[in-house]
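Student: Hey, got a minute to go through a structure with me? I'd like to get a feel for it before I'm back at the bench.

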Amino acid sequence: MDKTKLFKDPFVRPWLKNNGVAASTGSGNVGLKGIVAGGITGGMEICITYPTEYVKTQLQLDEKGDRKKYDGIIDCVKKTVKKNGIFGLYRGLSILIYGSVPKVAVRFGGFETFKSYMQKEDGTLSPAGRLLCGLGAGVCEAIFAVTPMETIKVKFINDQRSETPKYKGLFQGLGVIVKDEGFGGLYKGVTATIIKQGTNQATRFFVMETLKDSYRGGDPDKKIPKLLVGLFGAFAGACSVYVNNPVDVVKTRMQGLEASRYKNTLDCAVQILKNESPKAFYKGTVPRLGKVCLDVAITFMIYDSFMDLFKKIW
């Protein structure tokens, strides 16, 4: 009997055979590489897609009746540019740039860590494993990065709707929020954010891993063209939008300047349903769809590209 079969090398990790996202976890500096690749990816995709995020947030904050300010996407863009110039569409961008590095690092790091424990010997995941790994990655990024970042972003955008904005910049605004609401003020809507990010990443990674495995046809060494990775990402992003847009609307309301109107996440959802209509849960779907599809496509394409590059030069 071959003794090598009886005593396995404890340092051998089977997922290193895979060339997918999790394959990169085997390299010695994967944490640092992931942070650098993720930071570059996050910064690039945010600068490209942020105007759609801004418009989506404004439409979700908009209510009906006398409080309604916009008649749709085009009207929102026109009024914003007229009042604040073209750069008005980039209000709150700095918050997302500062938060992009930890967000993407936690997301991919979390997914790869969970995947290393749940994958099969050939480096693939079962359908349930894809969902659970994506869910875990989403919950991690919601707690450690997304909630405070999103809270500040929404407050900055919402503040611009008032006649006399009180936030002058990132650090000044951050100081005002902490002074007025305490550190807990940065974690408004944390429950909705965990649900949103959890369902987001569960859906996206499930779709991405399923499409990648299907394309490879059982060959873990088969390379996937980056354009195809982008198309897979766009489709995964679209799926996630339709799955959790209602949660995104509730999260946005809970993180706005009028969040005190709601007792908790459930009360916010009930009030929206009672005072508006079920359609209100899908406000901002179109601009969010455009932003998310582009976002996820760019994220996976650039992230995979930099990780491939790092394998050669780092």
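Student: Okay, starting with one residue: is Ile-73 buried, partly exposed or exposed?

Tutor: Keep in mind that this is a predicted model. Ile-73 comes out as partly exposed, because its relative accessible area is 34%, and partly exposed covers what lies between under 20% (buried) and over 50% (exposed).

Student: And where does Ile-73 sit?

Tutor: Ile-73 is in helix α3. That helix spans residues 73-84 and gives the nonpolar surface patch its largest share, four residues.

Student: Which residues make that nonpolar patch?

Tutor: Ile-73, Ile-74, Val-77, Val-81, Ile-86, Phe-87 and Val-286. Together they make a patch of about 660 Å².

Student: Zooming out, how many helices and strands does the chain have?

Tutor: There are 10 helices and zero strands, so reading from the N terminus you just get α-α-α-α-α-α-α-α-α-α.

Student: What percentage of the residues is buried?

Tutor: Of the 314 residues in the chain, 51% are buried. As for the outside, about 15100 Å² is exposed, with carbon and sulfur atoms supplying 66% of that area.

Student: Now the inside. Which residues have the most contacts in the largest nonpolar core?

Tutor: Phe-108, Phe-111, Phe-205, Met-208 and Phe-300, in a core of 21 residues. At least two core residues come from each of α4 (93-118), α5 (127-159), α7 (190-216), α8 (226-255) and α10 (285-313). The top contributor is α10, with six residues.

Student: What does Met-208 touch, leaving out residues up to four places away in sequence?

Tutor: Met-208 is in contact with Val-229, Phe-232, Gly-233, Ala-236 and Phe-300. There's also a second, separate core of 10 residues, and Val-55, Leu-59, Leu-89 and Ile-157 are among them.

Student: Across the whole chain, what share of contacts joins residues at least 24 apart?

Tutor: It's 76%, counting contacts between residues at least 6 apart in sequence.

Student: Switching to cysteines: how many disulfides are there?

Tutor: The count is zero. A disulfide is a covalent bond between the sulfur atoms of two cysteines, and the count here goes by sulfur atoms within 2.5 Å.

Student: Then take Cys-76: buried or exposed?

Tutor: Cys-76 is buried, because its relative accessible area is 0%.

Student: And which class does Cys-47 fall into?

Tutor: Cys-47 counts as partly exposed, because its relative accessibility is 36%.

Terms used: Residues are numbered from 1 along each chain as its sequence is written. This is a predicted model: local features need pLDDT of at least 70, side-chain atom pairs count only at pLDDT 80 or more; totals for chains, interfaces and linings use all residues. Side-chain values use heavy atoms; hydrogens and water are left out. Patches are made of residues with over 30% relative accessible area and no salt bridge: like charges are joined within 9 Å, nonpolar side chains (Val, Leu, Ile, Met, Phe, Trp, Tyr) within 5 Å. Accessible areas come from the Shrake-Rupley method with a 1.4 Å probe; for residues, only the protein chains shown count as cover. A salt bridge is a side-chain nitrogen of Lys or Arg within 4 Å of a carboxyl oxygen of Asp or Glu. Buried means under 20% relative accessible area, exposed over 50%, partly exposed in between (1.4 Å probe, protein chains only). A nonpolar core is a set of buried Ala, Val, Leu, Ile, Met, Phe, Trp, Tyr and Cys residues joined through side-chain atoms within 4.5 Å. Contact means heavy atoms within 4.5 Å.
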